[in-house]
Amino acid sequence: MIRRSILLASLIALCGIGSAPASAADGWKYQVIPNDGHVLTYSEADRVTFYLGCGRGFALHVKYPGEAKKDGKAHITIANERTKMEFDGEFEEPLNLDPVPMNFATQFRQTYLGYAKQDDRVYGKKWLALRSQFYALLGSGEPLTISAGKDSYQLPPVDAANWRKPFATCGLGGSW
């Protein structure tokens, strides 16, 4: 229980979720949460299944395909028809944030594209190239397949308006 409380506090601080209410609308959504940054989410049945946040930190939270553990190391692949990227991270328990209406179905978490927060390479040339590759995958206009081992599911193409440009400058002096 203490670990979950620490994780929840870290998620709120890292991604700035606690600053503004989020809509419960299903589908892709881009928003700027005041004082915290950019958030791209995909929700189904009022549960966030994909979360990318860049503000006080850089975090990816995704619903794990298949059976998820409560904690430990995890690995997923996000792909479209032409490109795939692999992500090493950790399992997390789904969160329900109150009073913020954001009900997370996510069970996989990775921060800073696998780099440590204090790593000097974060926001460096190679890290930015990796981030650009990830943004290109998300912005391809193609459905995204989230997989782990033999299990997978598909998300529709990202259709959230105006997400790409502000995310491109995120972390580089801020556009929020």
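Is R82 buried or exposed? I open with that residue because its relative accessibility is 65%, over the 50% cut-off, and it therefore counts as exposed. Please keep in mind throughout that this is a predicted model.

R82 forms a salt bridge with E142, and the closest N and O atoms of the pair are 2.7 Å apart. This contact links distant parts of the chain: R82 sits in the loop between β5 and β6, E142 sits in the loop between α2 and β10, and 60 residues separate them. The partner has another environment, for E142 is buried, with a relative accessible area of 13%.

Let me now turn to the strands on either side of the R82 loop. Strand β5 covers residues 73–79 and strand β6 covers residues 84–91; they pair in the antiparallel sense over seven bridges. Together β5 and β6 form a hairpin, with four residues between them. Two positions may help you to find the register in the structure above. H75 has D88 in β6 as its bridge partner, and T77 stands opposite E86 in β6.

Strand β6 has a further neighbour. Two bridges join β6 to strand β9, residues 108–111, and these two strands run antiparallel. Here the bridge partner of F91 is F108 in β9.

These pairings belong to a wider arrangement. Nine strands form an open sheet with antiparallel pairing, in the order β1-β2-β3-β4-β9-β6-β5-β10-β11. Why is one side of β1 and of β11 left without a neighbour in the sheet? The reason is that β1 (27–33) and β11 (151–155) stand at the edges, where each has a single partner strand. On average, neighbouring strands of this sheet are turned by 25° against each other, direction ignored.

Helix α2, residues 125–138, packs on the sheet. The strands that α2 touches are β2 (37–44), β3 (47–55), β4 (58–62), β5, β6 and β10 (144–148). The direction of α2 makes about 105° with that of β6.

One residue of strand β2 deserves a moment, namely T41. Its relative accessibility is 4%, so T41 counts as buried. Leaving aside residues up to four places away in sequence, T41 touches G27, W28, K29, V48, F50 and Y51.

I return, finally, to the charged pairs. How many salt bridges are there? The count comes to four, and the pair of R82 and E142 is one of them.

Next, consider R109. Its salt bridge with E90 has its closest N and O atoms 2.6 Å apart. Because R109 lies in strand β9 and E90 in strand β6, this pair ties together parts that are 19 residues apart in sequence. E90 has a relative accessible area of 30% and is therefore partly exposed.

R109 also meets the side chain of E92 in a salt bridge, at 3.8 Å from N to O. E92 lies in the loop between β6 and β7 (96–97), while R109 is in strand β9, so the parts tied together by this pair are 17 residues apart in sequence. Both E92 and R109 are buried. Taken together, E90, E92 and R109 are linked in a network of salt bridges.

To close, I would direct your attention to two places in the predicted model: the salt bridge between R82 and E142, and the network of E90, E92 and R109.

Key. Residues are numbered from 1 along each chain as its sequence is written. This is a predicted model: local features need pLDDT of at least 70, side-chain atom pairs count only at pLDDT 80 or more; totals for chains, interfaces and linings use all residues. Side-chain values use heavy atoms; hydrogens and water are left out. Two strands pair if DSSP finds at least two bridges between them. Axes are lines fitted to C-alpha atoms, for helices over the stretch in contact, and angles run from 0 to 180 degrees between N-to-C directions. Contact means heavy atoms within 4.5 Å. Buried means under 20% relative accessible area, exposed over 50%, partly exposed in between (1.4 Å probe, protein chains only).
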